[in-house]
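Please open the structure in your viewer and keep the selection tool ready, since this tour moves from one selection to the next and describes what can be found at each stop.

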Amino acid sequence: MRPTLIAVVLFSALVAITDTPSTTDELATAVILMARIGHCGSPSFSPDSKTLVFVCDLSGVPQVWTAPTEGGWPSLVTTLEDPVTSVEWSPTSDWLAISVAPGGGMNTQIYLVHPDGTALKRYTPGGKDNNWLAHWTHDGSALMMSSNIRDGAAMDSYLLGVPDGKMRMVAQNPGIGTLEDVSRNNRLALVSRMKARGSNDVYLIDMGKGKEVNLTRHDGPGEFAGRFSPDATTVYLATNKDRDLAAFAKEKIGANGEGGAIQVIAARDDAELDNFEINEQGTQAALTWNASGKSELSFVDLRTEKMSSGPQLPTELAFSLKFSRDGKQLALLLNGAVAPSDVWVLDIASRRFHQVTQSTHAGVNLEDLVRPKLVRYSAHDGLPLTGWLWLPKQWNPPGPVVLSFHGGPEGEELPGFRSDYQALLMNGIAVLAPNVRGSSGFGKRFVNLDNGELRVNAVKDIKSSVDFLVANKIADPRRLGIMGGSYGGYMTMAGLTEYPDMFKAGADLFGIVNFETFFANTEPWMAAISTVEYGDPKTQADLLKRLSPIHKLDQVKAATIVLHGANDTNVPVVEAEQVVNNLKQRGVPVQYVLFLDEGHGWRKEPNRVRSTVEITRWFVKYLGQPQHTAAE
């Protein structure tokens with residue numbers, strides 16, 4: 001449920017990314033060690049459950065690795081120049097399916113390779129088409145995937161045959177569609193179709209007859225994810241239909257393929273269902289719940305439909321659940337404030353976890369790092385808001401604070417590992433990471449409170465967050481910064497334009513600044529699903545203009561660093577160029593960091609290092625010491 005124009009203009013303020021930060025610089029030396037901390041993810045079991053495959057950046061670029069399930073020395077499978085984004089081990093053979101991002105961009109391509117690295121071959125056509133890898137069919141005969149090869153504005157659902165490589169269309173979708181599951185007899189499919197951000201439906205597709213049935217008809221916003229029972233007579237769902245918080249449910253399928261009523265199996269009043277996975281035997285479901293931003297694990301016996309609590313997680317967050325084929329083990333991606341992303345395995349019978357991967361953290365004692373605390377405060381209209389407050393270990397309030405806004409906008413700030421936050425903290429700068437209205441994890445109503453005209457209230461939440469910091473004497477109002485990536489970059493520029501006297505410095509990471517150019521240049525499928533969230537450029541051009549910070553850049557006073565990937569097709573680089581051009585012409589301190597080999601975010605270690613060092617230097621320079629007036 002939880003839910004992600006290349007015109008290179010060189011400015012005098014452009015930072016050459018080929019330069020390596022000087023290791024003689026004391027700040028850079030410490031920050032570099034922090035930024036080099038690695039991460040692993042995308043775990044998948046071998047058919048015999050004895051080996052795990054996963055993606056790790058141990059070599060500096062995310063690649064495919066394997067290791068014994070009980071733990072041991074990892075083996076490198078791929079050595080590509082481009083980053084690998086995910087991997088899936090066939091349930092019946094030694095084929096690995098991998099997704100590769102050329103130049104870090106969104107035009108991901110699907111390859112097959114053996115666990116020893118041999119027989120590597122691209123199975124999608126290549127080029128600029130987007131191809132999304134999902135799962136293998138249960139018999140390992142095909143891969144579930146989506147592609148916009150037919151229409152740039154639509155992600156159609158396909159089965160990619162293995163090893164013949166033939167793409168068979170399962171469903172032609174009007175917009176974004178993802179193939180979620182295929183029945184054991186390969187006759188039925190579940191396809192999720194997104195009508196708009198925050199609203200999708202799950203369709204039952206009879207692949208032989210071409211018949212489809214909407215299993216989740218609903219009015220207004222609603223989010224669903226589905227999986228088949230082994231006999232395909234039941235579909236298990238994550239659902240928030242007719243409820244605010246997502247729950248685990250089922251829907252019976254009739255003899256003629258008709259859907260029934262959605263029946264809730266497991267729900268909580270204090271938490272929202274985040275993810276679920278069904279074992280191959282169809283006897284057990286593993287669920288993760290979002291409880292005030294932290295993950296909690298539970299299990300449902302699908303024979304009795306009784307839920308039981310799982311063991312306490314070793315870290316704050318859990319993602320990417322994957323059962324072994326025999327159903328005896330559960331692989332998870334675990335992450336926490338002082339724990340970078342790693343693959344762990346739970347032995348279900350003994351309820352014991354063990355760690356399989358060890359993300360690199362040379363020179364950094366993870367236990368010396370900072371954990372945040374959850375803070376609660378009110379918005380201008382009384383709406384309850386929360387945020388994660390990270391304070392340096394040596395803290396003398398009020399001091400410098402950077403507000404950091406998550407992407408999405410339907411994302412959520414979580415107490416996970418952030419090397420950029422830890423780098424700021426070690427330099428005496430606190431971080432408040434708010435979950436303003438529009439964030440996920442707080443129910444259906446909250447996540448839709450920033451749609452269209454309501455976005456102005458989300459921007460006002462920026463000031464409410466600052467008011468909380470100042471009223472509680474946490475922040476020195478003369479030393480405030482703001483940062484964020486993607487939609488968080490939009491919030492950064494909105495904050496700098498709407499409240500120009502509030503912030504001394506800002507960091508805009510691949511953010512939207514002009515909705516007109518965003519809609520004109522982003523991926524067509526991204527534009528199609530974003531009209532409800534932001535506004536329709538065909539009918540609401542005036543609204544989008546009012547919401548675009550580009551038209552108020554003449555208000556910006558804060559020193560601003562702008563970072564962007566040249567291969568970004570979600571938020572094209574023209575967004576960054578407009579900011580840099582304007583501020584440069586007006587004499588506002590501005591620095592531009594352009595990554596020529598990245599897309600929407602940074603996957604390669606040298607680029608993560610560069611970004612973290614430059615952002616930290618920027619805020620230390622402009623927030624490090626209070627600027628006293630003559631009267632003082």
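Two strands are said to pair when DSSP finds at least two bridges between them. With that in mind, and remembering that the model on screen is a predicted one, begin by selecting β6 together with strand β7, residues 96-100, which pair in the antiparallel sense over 5 bridges. Within this pair, pick out E88 and look across to β7, where its bridge partner is A97.

Now widen the selection to the whole sheet, which is open, has 4 strands in the order β6-β7-β8-β9, and is paired in the antiparallel sense. Its edge strands are β6, residues 84-89, and β9, residues 121-122, each of which pairs on one side only. If you turn on the side chains here, it may help to recall that in a regular strand they alternate between the two faces of the sheet.

Next, go to the disulfide. Select C40 and C56, whose sulfur atoms lie 1.8 Å apart, within the 2.5 Å that the definition of a disulfide asks for; the count for the model comes to 1 disulfide. The link of C40 and C56 is right-handed, with 110° about the S-S bond. This pair links distant parts of the chain, for C40 sits in strand β2, residues 40-45, while C56 sits in strand β3, residues 51-56, and the two are 16 residues apart. Are these cysteines buried or exposed? C40 has a relative accessible area of 3% and is therefore buried, and C56, with a relative accessible area of 1%, is buried as well.

From there, move along the chain to strand β24, residues 294-301, and strand β25, residues 306-309, which pair in the antiparallel sense over 4 bridges. Selecting F299 leads you to its bridge partner in β25, S308. The hairpin of β24 and β25 has 4 residues between the strands, and in it E305 takes a positive phi near 60°.

Keep β24 and β25 selected for the last stop, the largest pocket, which has a volume of about 470 Å³. The pocket is lined by 29 residues, and those closest to its centre are L313, P314, T315, E316 and A339. Which elements give two or more residues to this lining? They are β24, β25 and β28, the last of these spanning residues 339-347. The most comes from β24, with 5 residues. Colouring the lining by class would show 11 nonpolar, 11 polar and 7 charged residues.

Terms used. Residues are numbered from 1 along each chain as its sequence is written. This is a predicted model: local features need pLDDT of at least 70, side-chain atom pairs count only at pLDDT 80 or more; totals for chains, interfaces and linings use all residues. Side-chain values use heavy atoms; hydrogens and water are left out. Buried means under 20% relative accessible area, exposed over 50%, partly exposed in between (1.4 Å probe, protein chains only). On a 1 Å grid over the protein atoms alone, a cavity is a set of points where a 1.4 Å probe fits but cannot get out, and a pocket is an open set with protein on both sides within 12 Å along at least five of seven lines; lining residues have an atom within 4 Å of a point. Grid points are joined across faces, edges and corners, and a volume is the space filled by probe spheres set on the points. Ala, Val, Leu, Ile, Met, Phe, Trp, Tyr, Cys and Pro count as nonpolar, Asp, Glu, Lys and Arg as charged, and the others, Gly among them, as polar.
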